[in-house]
Amino acid sequence: MAASLATYIALPGTVGEAMEHWHEVFGGELQIMRYSDVPPMPGSPFAPDSNAVAHATLKLPGGAGIIAGGDAMEDGNDYNVRGSAYSLLYTTDTPEEARELIAKLEAGGGSAGMPFEQAPWGGWYGQIFDRFGVMWSFSCD
């Protein structure tokens, strides 16, 4: 197997819903494994809810990438999802394709971060926060 890099996201109990939403927006191949689907883990430092997502993957169409994730376990950490320290960058072939995906994320409860328009470097760029607080950046040459 060749080396690859995937984005991994831990959300506070909403990874299954997020992955299903992103699958509706982007398409691709979705697999969700809940803790009820895995064998017992003796000695595990946490006791997950059987409906919690242990691991999920969304393989984007055309080999465009993979988004993986799981539900964050309650360990006292405050998971501040919405922010601009990170984003998922999705590059499209045309500005129209990016606008269509941005519209789907917005229609699904997202909110604009930065309008999608021509950037100073000559391409197109914009940002939207989906309803889970994840920032999606869109780019097009």
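# A walk through the strands and helices

Start by selecting T57, which sits in strand β3 (residues 53-59). Strands here are DSSP runs of E with at least two residues, helices are runs of H or I with at least four, and both are numbered from the N terminus. What you have open is a predicted model, in which local features need pLDDT of at least 70, side-chain atom pairs count only at pLDDT 80 or more, and totals for chains, interfaces and linings use all residues. Residues are numbered from 1 along each chain as its sequence is written, and side-chain values use heavy atoms, with hydrogens and water left out.

Is T57 buried or exposed? T57 is buried, at a relative accessible area of 14%. Buried means under 20% relative accessible area, exposed means over 50%, and partly exposed is in between, using a 1.4 Å probe and protein chains only. Now show what surrounds T57: leaving out residues up to four places away in sequence, T57 touches M19, E29, L30, Q31, I66, I67 and A68. A contact here means heavy atoms within 4.5 Å.

**Zoom out**

Take a moment with the whole chain. You should find two helices and eight strands, and reading along the sequence gives β-α-β-β-β-β-α-β-β-β. The C-alpha trace spans about 55 × 35 × 25 Å along its principal axes. Of the 141 residues, 38% are buried. Among contacts with a separation of 6 or more, 54% are between residues 24 or more positions apart.

**Select A18 and helix α1**

Next, click on A18, in helix α1. A18 is buried, and its relative accessible area is 0%. Setting aside residues up to four places away in sequence, A18 touches L11 and F132. Try a distance from A18 to D71 as well: the two are 53 residues apart along the chain, and their C-alpha atoms are separated by 10 Å.

**Add helix α2**

Keep α1 (residues 15-26) on screen and bring in α2: their axes come within 9 Å and cross at roughly 145°. Axes are lines fitted to C-alpha atoms, for helices over the stretch in contact, and angles run from 0 to 180 degrees between N-to-C directions. The crossing of α1 and α2 is right-handed, a label used when the near helix is turned clockwise from the far one by less than a right angle, with anticlockwise giving left-handed.

Which residues meet there? From α1 come H21, W22, E24, V25 and F26, and from α2 come L101, K104 and L105. By class, that contact holds five nonpolar, one polar and two charged residues. Ala, Val, Leu, Ile, Met, Phe, Trp, Tyr, Cys and Pro count as nonpolar, Asp, Glu, Lys and Arg as charged, and the others, Gly among them, as polar.

**Now the sheet under α2**

Helix α2 (residues 95-107) lies across β5, β6, β7 (124-129) and β8, at about 165° to β8. Colour those four strands: they make an open sheet with mixed pairing, in the order β5-β8-β7-β6. At the edges are β5 (88-91) and β6 (111-118), each with a single partner strand, so one side of each has no neighbour in the sheet. The twist averages 15° from one strand to the next. Two strands count as paired if DSSP finds at least two bridges between them.

Go across the sheet pair by pair:

- β6 and β7 run antiparallel, joined by five bridges. Look for M114 opposite Q127 in β7. In their hairpin, with five residues between the strands, G122 has a positive phi near 100°.
- β7 and β8 are antiparallel too, with six bridges. F129 faces M135 in β8, and in the five-residue turn of this hairpin G133 has a positive phi of about 90°.
- β5 and β8 pair in the parallel sense over four bridges.

While β7 is selected, check its surroundings: five of its six residues are buried, so β7 is largely enclosed by the rest of the structure.

**Last stop: S137**

Finish on S137, in strand β8 (residues 135-140). S137 is the bridge partner of L89. S137 is buried, with a relative accessible area of 1%.

What does the side chain of S137 join in a polar contact? The side chain of S87, at 3.0 Å. A polar contact is a pair of N or O atoms within 3.5 Å; within protein, one must be able to donate a hydrogen and the other to accept it, and residues adjacent in sequence count only if both atoms are side-chain atoms. Beyond neighbours within four places in sequence, S137 is in contact with S87, L88, L89, Y90, Y125, G126 and Q127.
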